[in-house]
Amino acid sequence: MITEFAPDFAEALADGGVLLGLDLGTKTIGTATCDAGWRFASNGKTIRRGKWGKDREQIRALIEERSVAGIVLGLPRNMDGSEGPRAQASRAFARNCDEAFGLPLLLWDERWSTQSAEAAMIGQDMSRARRAEAIDSHAAAVILQGAIDRLAGGVL
């Protein structure tokens with residue numbers, strides 16, 4: 001089940017469970033997970049993208065390792081809300097994940113995730129080189145945190 005509507009996603013996961021956040025880039029996939037009670041997201045590892053089969057197996061390993069119940073995938077909309085090629089690629093990736101894993105999947109607007117993650121890392125006085133290697137997983141945590149805040153009854 002793929003949805004952009006948080007209440008439908010929450011209903012599919014009525015018992016909660018660990019969620020996996022994904023920030024899909026052209027070269028990497030940032031990952032993050034949250035606790036089963038949907039309180040806080042933590043950045044995970046960054047997966048170097050390859051062919052779908054390789055990406056699928058790395059994501060499957062994360063799903064099994066953390067007993068993931070659902071996936072939140074960033075949907076890169078344009079600032080006016082329209083969708084371009086990157087959003088289409090994310091939708092195709094979502095369909096692949098749905099077919100491969102059969103878990104509820106929420107597409108979450110990620111317009112400001114990278115900028116927010118970068119600002120937080122600068123605030124932590126992280127070096128430019130360290131930010132470059134960690135930005136995708138931090139962006140995945142921002143995406144996931146926004147989604148779980150909304151799912152847990154926040155105003156986002």
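Colleague: I'm new to this structure, and D55 caught my eye. Why is D55 called buried?

Modeller: Its relative accessible area is 1%, and buried means under 20%, so D55 is buried. Keep in mind that this is a predicted model.

Colleague: Thanks! What makes R49 and D55 a salt bridge?

Modeller: Their closest N and O atoms are 3.5 Å apart. The limit is 4 Å between a side-chain nitrogen of Lys or Arg and a carboxyl oxygen of Asp or Glu, so R49 and D55 qualify. Such pairing makes sense because side chains of opposite charge can pair when their charged atoms come close.

Colleague: And why does R49 count as partly exposed?

Modeller: R49 has 29% relative accessibility. Partly exposed runs between the 20% and 50% cut-offs, so that is the word for R49.

Colleague: How many salt bridges does a search of the whole structure find?

Modeller: The search finds 6. One of them joins E4 and R77, with the closest N and O atoms 2.4 Å apart. That pair links distant parts of the chain: E4 is in the loop between β1 (2-3) and α1 (6-12), R77 is in the loop between β5 (68-75) and α3 (85-101), and 73 residues separate the two. E4 has a relative accessible area of 38% and R77 one of 22%, so each is partly exposed.

Colleague: What separates E57 and R60 by about one helical turn?

Modeller: They are 3 residues apart in helix α2 (residues 52-66), which means a separation of about one turn. Their side chains meet in a salt bridge at 3.5 Å, N to O, which is within the 4 Å limit. E57 is partly exposed at 39% relative accessible area, and R60 is partly exposed at 26%. Elsewhere, salt bridges that share partners join E4, R77 and R91 into one network.

Colleague: Let's turn to the rings. How many aromatic pairs are there?

Modeller: The search of the whole structure finds 2. In one of them, the rings of W52 and F93 have their centres 5.3 Å apart and their planes at 85°. This pair also links distant parts of the chain, with W52 in helix α2 and F93 in helix α3, 41 residues apart.

Colleague: Why is the pair of W52 and F93 called edge-to-face?

Modeller: Two tests apply. Centres must lie within 6.5 Å, and planes over 60 degrees apart count as edge-to-face. With 5.3 Å and 85°, W52 and F93 pass both, so edge-to-face is the right label. Together, W52, F93 and F101 form one aromatic cluster.

Colleague: Is W52 buried or partly exposed?

Modeller: W52 is partly exposed, as its relative accessible area is 23%. F93, at 4%, is buried.

Colleague: What makes β1 and β4 the edge strands?

Modeller: The open sheet has 6 strands in the order β1-β6-β5-β2-β3-β4, with mixed pairing. β1 and β4 (41-48) each pair on one side only.

Colleague: How do you know that β1 and β6 pair?

Modeller: Pairing needs at least two bridges, and β1 and strand β6 (residues 105-109) have 2, in the parallel sense, so they count as paired. T3 stands opposite L106 in β6.

Colleague: Which helices lie across the strands?

Modeller: α2 lies across β2 (18-24), β3 (28-34), β4 and β5, running at about 150° to β4. α3 lies across β1, β2, β3, β5 and β6, at about 165° to β5.

Colleague: Which residues have the most contacts inside the largest nonpolar core?

Modeller: They are L22, I59, I63, L73 and F93, in a core of 21 residues. β2, α2, β5, α3 and β6 each supply at least two residues of this core, and the largest share, 5 residues, comes from α3. In general, nonpolar side chains tend to be buried together in soluble globular proteins.

Colleague: What does I63 touch?

Modeller: Leaving aside residues up to four places away in sequence, I63 touches L20, V68, I71, F101 and L103. There is also a second, separate core of 18 residues, which includes V72, L106, I143 and I148.

Colleague: One last residue: why does I2 count as partly exposed?

Modeller: I2, found in strand β1, has 33% relative accessibility, which falls between the 20% and 50% cut-offs, so partly exposed fits. Not counting residues up to four places away in sequence, I2 touches A94, R95, D98, L105 and L107.

Key
Residues are numbered from 1 along each chain as its sequence is written. This is a predicted model: local features need pLDDT of at least 70, side-chain atom pairs count only at pLDDT 80 or more; totals for chains, interfaces and linings use all residues. Side-chain values use heavy atoms; hydrogens and water are left out. Helices (H or I, at least four residues) and strands (E, at least two) are DSSP runs, numbered from the N terminus. Buried means under 20% relative accessible area, exposed over 50%, partly exposed in between (1.4 Å probe, protein chains only). Rings of Phe, Tyr and Trp (its six-membered ring) pair if their centres lie within 6.5 Å; planes under 30 degrees apart count as stacked, over 60 as edge-to-face and the rest as tilted. Contact means heavy atoms within 4.5 Å. Axes are lines fitted to C-alpha atoms, for helices over the stretch in contact, and angles run from 0 to 180 degrees between N-to-C directions. A nonpolar core is a set of buried Ala, Val, Leu, Ile, Met, Phe, Trp, Tyr and Cys residues joined through side-chain atoms within 4.5 Å.
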